Amino acid sequence: MTTVAGAGAAIPAGHPRAGWWGTQRNRQLALIACFLLPSLVVFVLYRVLPLGWNVVLSFQAWSPLKPAQWIGLENYVEMWSYDDVFWVALRNTLIFIAASPLAIAAALGIALLVNSDLKGATVYRTIVFLSYPLMAVAVGIIWRWMYDERGGIINYALRASGLVDRPIGFLQDFDWALPSVIFAEIWQVLGFYMIILLTGLQSIPQNLYEAARIDGAPAWARFFRITVPMLRPSLFLCIVVGILNSFSSFDLVYIMTNGGPGHATELLITHIYKSAFVETKFDYAAALTVVQFALLVVLTIAANRAAGGNAGAVERD
Amino acid sequence: MSVRRQLVSRWVIVPGGIAVVTLVWLAYVAAHDHGVVEGRVVDRSGRPVGGASVMLFERGFVTHQERGRATSDADGAFRFTDNRSHSIQLEAEAPGLGRSERRVVRLWFAAQDVKLVEPLRFATSK
Amino acid sequence: MVTRRTLLKTAAAAAATSVFPTPAIGQASKKITFLTWNIIDQKELIEGWIKRFQAARPGVEVEWLDKKGPDFGPFYQTQLTAGTPPDVINTQGALGLEYAAQGALLDLTPLLAKEAAIKSRFDANYLGNWIYEGHNYMLPFYITKTLLFYNKPMFAKAGLTGPPTSFDEILSHAQKMTSGEASTGFMTLNFDWLYWPLFAMNGVQLVTPDLKKTAFNTPKAVEVLDKLAKATQANAINKISWTGRWVEPNGAFGAGNVGMLHAHSPAYFFFKGQGSWVTPETLGVAHMPGFYATPNSHGLGISKGSKNPELAWDFLKFVTDNGQAGELAERRKLVTGNIAVDKASLAKLEKEDPTVYAVLKTQLEHTDKMTGNWRFGNDSRVKEAFWPEVQSALLGRKDAKSALADAERRMSRELARA
Amino acid sequence: MAESTIRRATPLLALRHLALVVVSFVMLVPFYWVLKTAITNENIYAYPPGILPREPHLYNFVDVWYLIPFPRYLANSIIVSTIAVIGNVVFNALAGYALTRDFPGRRAVLALFLSCMLIPFQAAIIPAYLVTAKMGLLNTYFGLAFPLLSTIVCIFVFKAAFEAVPRSLIDAARIDGLSEWRIIVRVLLPLSKPAIATNVILSFIWSWNNFLWPLLITRDPLMQTLPLGLARFLSYMEDTTGALYAFAVMVLVPSILVFLMAQKEFIRGLTSGATKG
């Protein structure tokens with residue numbers, strides 16, 4: 001890392017030492033550094049700095065206009081031993097994440113189907129994708145209404161078909177609320193998974209399949225021996241994004257239930273947001289942020305391991 | 001990629017097409033947005049009502065505000081020339097006849113010139 | 001790559017052009033910013049005020065920003081941290097007190113002391129809603145408190161003669177008007193303590209008068225909560241009362257199959273717009289038993305960080321004086337807390353629109369019975385500690401006893417931390 | 001052999017279509033409701049729910065156009081999104097390529113990127129604002145686009161696509177003496193059209209729908225982007241008005257358009273031919 005950064009600094013300066021610059025390898029290193037630089041700048045400014053800010057803040061008592069003072073682990077103690085909402089939110093967040101593999105599996109199925117030269121594949125592809133670019137606020141509103149106990153189309157259909165006799169208050173019921181929210185979230189994000197997987201499928205060289213076909217490998221074998229391994233990077237990406245959705249679908253949850261009823265749909269992110277901007281406990285919210293970050297890092301590392309390390313990179317020769 | 005390939009690519013054609021359509025539309029709008037609102041006022045039995053004062057309400061955000069008045073001539077015709085809204089309501093008022101129903105008129109663009117097909121009708125007659 | 005390069009150029013140009021001309025916020029020496037809370041529908045009115053204000057004061061510039069409730073906090077907090085808070089702010093409910101406690105607002109007490117005329121403009125009880133630790137931090141902009149709307153035809157159908165006069169009567173009335181899913185007896189709004197009159201009328205106190213300790217965990221409170229929960233199970237009180245926001249209960253009442261709605265005055269305009277059944281003959285308007293009501297008013301305050309506090313104060317006086325307040329009352333059909341203005345507009349409405357008159361009249365009666373407006377500096381934290389637990393009980397997830405016990409534990413902690 | 005495959009193919013094909021039709025239905029029902037509400041004035045909480053739109057009309061779209069300074073917001077949104085898209089395609093391709101090479105600290109960079117993804121913006125609001133203010137980018141298009149100029153997900157999309165390109169191709173190119181730049185432009189990108197398309201689509205959507213950031217850093221009404229118009233439709237009448245949904249649809253259309261234009265790259269066969277080389 002440091003060497004890269006160093007090289008990165010050396011290049012814009014423009015006077016690299018000829019000796020160092022001489023070797024092919026160093027020149028390549030410098031180039032790589034340049035390639036990484038723009039992205040790094042963005043991430044350092046808008047991701048790393050804020051993270052640092054949160055880390056520092058989590059050990060302080062602060063609110064805008066109040067001078068910050070160090071209070072050690074108080075915020076964390078508060079979280080660990082007094083804030084029962086934190087534990088509920090943690091549980092819900094994990095459930096939320098655990099649901100994403102289902103969505104990814106579904107998306108993979110769809111991707112495989114619409115990736116073939118099937119008639120109307122373009123239409124299906126578009127339809128499945130349609131929900132993703134929709135503004136989360138609109139999605140939240142529309143689903144909240146579809147789940148509605150009286151006017152909701154879902155209850156309407158369920159009762160018309162005689163499946164239930166009493167309407168279900170999906171978002172008012174403590175047991176239904178979280179699954180309902182998760183389903184809506186999957187509905188919106190399915191198109192995203194599909195497009196990522198499609199990109200992956202597209203980059204699998206056809207000749208591999210042809211070779212396998214010539215060897216007379218059946219379809220399922222081609223799927224497990226070629227498609228899945230070659231798709232590892234995309235699958236890994238989907239898993240990570242599934243982890244991300246536990247906070248990137250904040251708007252959806254916030255609109256649909258605002259964490260309620262009680263705290264049945266409280267996620268870490270909604271808890272963070274409310275602590276910071278509703279209860280103006282920025283310091284405490286920072287501690288929550290740090291904990292969520294740590295949690296997600298662990299999960300991502302696990303996913304990385306599962307994908308064979310190196311972000312699921314495929315080693316080929 | 002050659003410049004020509006770039007030019008015929010959908011990334012040029014689609015935005016270009018949209019731009020063209022927009023321009024045509026804007027031209028049409030420019031030719032038809034003098035804010036003229038014309039119509040007639042009749043009583044219950046369909047006879048024209050002269051001297052009725054017609055109010056034009058303009059849609060605010062959630063309410064409607066009165067923007068102007070016009071008086072109908074002998075054969076009940078009235079004419080506004082200064083409407084600037086895209087969503088208006090019209091209502092006529094005449095001595096002895098009370099108020100007509102309030103007609104909602106929604107336009108395709110602000111200040112679109114429009115002529116009421118159905119005249120404003122009073123519930124009573126002279 | 002031609003197009004891409006040109007695009008990059010134009011983008012760069014666009015960025016450049018938009019970097020330079022924009023002045024850093026608050027640099028204009030005589031500029032103030034007016035941040036309102038979701039009143040964008042009065043654009044014309046407010047821009048009119050600003051024009052007049054500027055015309056009378058050459059060289060003065062007023063910038064108007066409007067944010068919707070959920071966006072207000074993030075925006076204002078960010079501006080505070082950056083040291084560029086909007087000079088004059090308009091907040092709803094107890095938020096003003098929290099900003100005051102946070103040290104964000106200017107203490108208006110000395111200014112009001114200097115100008116008795118200004119202070120005497122306002123209904124003392126409403127002005128008092130923004131007294132934090134003995135100091136005034138906000139002036140009324142427009143005011144609301146809860147009241148009881150009821151559906152006369154449904155009352156008649158259930159053989160009920162008039163509005164309920166006691167808590168138990170609310171429940172029995174509700175029960176009488178409830179038939180399965182077809183109709184519900186009672187609904188209330190639940191945000192910002194708006195449901196609190198239901199507890200207040202039973203003599204339940206949330207906290208001790210010094211705001212230091214909880215006082216609500218009593219057998220009576222348990223009983224009340226339990227009754228409400230049971231009534232909710234029986235659908236006499238619709239669940240939406242405890243889960244809905246502003247639109248659902250009002251929309252439901254507008255649909256015409258809810259007997260009673262406990263909501264604040266603006267609700268009238270909402271459900272009127274939704275429900276064709278609402279006429280002076282069919283809509284009943286009353287006080288809650290014991291005349292209890294929870295205010296949810298809009299106040300105007302000045303940020304301590306203001307670069308031009310005197311100008312901001314000047315603007316505050318301008319906005320709340322009879323001229324401007326009168327226009328607002330006229331256009332939004334509301335009461336402003338400005339005694340003279342409200343008197344005049346009510347007199348006018350009595351002839352023009354009897355129903356609105358009846359609704360708004362309640363807002364100025366029994367203002368000494370306002371409840372749910374404790375002068376907390378950490379209102380939203382207390383709310384977060386209290387409401388979810390009570391909500392769980394109301395929806396039958398927890399029994400009333402343990403819910404109140406948990407609420408007490410969490411709320412005591414917040415009170416202790418404050 | 002040939003005919004046997006055909007005989008097996010037909011029921012299979014029907015099954016595929018069936019599956020896709022079911023999925024499409026689930027995807028379309030909520031969508032239908034957005035559209036239906038957008039072309040009527042029905043209160044969505046009215047009971048019982050009407051399946052078909054009652055007296056549909058398109059005037060809600062006209063209202064949207066005039067109730068917010070739509071053309072101006074649209075222009076702003078387009079400029080900001082264009083900046084973001086360009087930034088993403090260029091920077092992500094470079095970074096993605098760099099990550100396919102091995103260099104000291106590669107794992108560290110990889111870890112950094114991955115962890116950067118895991119920081120919610122809601123928790124970054126205040127520092128992000130302060131940084132942008134320091135750079136004097138408040139109220140500017142560039143400031144609006146900056147946080148989205150490069151996105152990690154898309155970097156990994158490129159990385160994955162580049163890794164799928166046979167090493168032999170790249171080595172061959174190197175032996176021909178192509179510089180790294182040329183290898184990316186001449187060899188890798190042409191083989192990674194789907195990745196480019198994905199970058200364009202996703203980065204466009206993300207910056208197009210971005211709400212919280214513009215809300216915070218634009219004070220000047222003339223610098224606001226489309227999503228900020230949202231609050232106006234949510235004001236007072238909340239979500240019971242058709243105009244809100246008309247607005248959502250109008251904001252949606254450009255994203256769909258971009259998707260439709262870009263998805264040509266997802267049609268099997270365009271890239272596979274080349275990879276045989």
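This dialogue looks at the fold of chain B and a helix pair in chain D.

Q: What kind of model is this, and how is it labelled?
A: It is a predicted model, where local features need pLDDT of at least 70, side-chain atom pairs count only at pLDDT 80 or more, and totals for chains, interfaces and linings use all residues. Residues are numbered from 1 along each chain as its sequence is written, while chains are lettered from A and ligands numbered from 1 in the order in which they are written.

Q: How many helices and strands are in chain B?
A: Helices (H or I, at least four residues) and strands (E, at least two) are DSSP runs, numbered from the N terminus. Chain B has two helices and nine strands. From the N terminus, the order is α-α-β-β-β-β-β-β-β-β-β.

Q: What radius of gyration does chain B have?
A: The radius is taken over C-alpha atoms; the globule rule is 2.2 Å times the number of residues to the power 0.38. For 126 residues, a compact globule would have a value near 14 Å, but chain B has 21 Å. The C-alpha trace of chain B spans about 80 × 30 × 20 Å along its principal axes.

Q: What share of chain B is buried?
A: A buried residue has 20 or more other C-beta atoms within 10 Å of its own, with C-beta atoms placed from the backbone. In chain B, 22% of the 126 residues are buried.

Q: At what angle do α3 and α10 of chain D cross?
A: Axes are lines fitted to C-alpha atoms, for helices over the stretch in contact, and angles run from 0 to 180 degrees between N-to-C directions. Helix α3 (residues 70–100) and helix α10 (residues 193–209) of chain D cross at roughly 140 degrees, their axes coming within 8 Å.

Terms used
A residue is buried if 20 or more other C-beta atoms lie within 10 Å of its own, exposed if 12 or fewer, and partly exposed in between; C-beta atoms are placed from the backbone.
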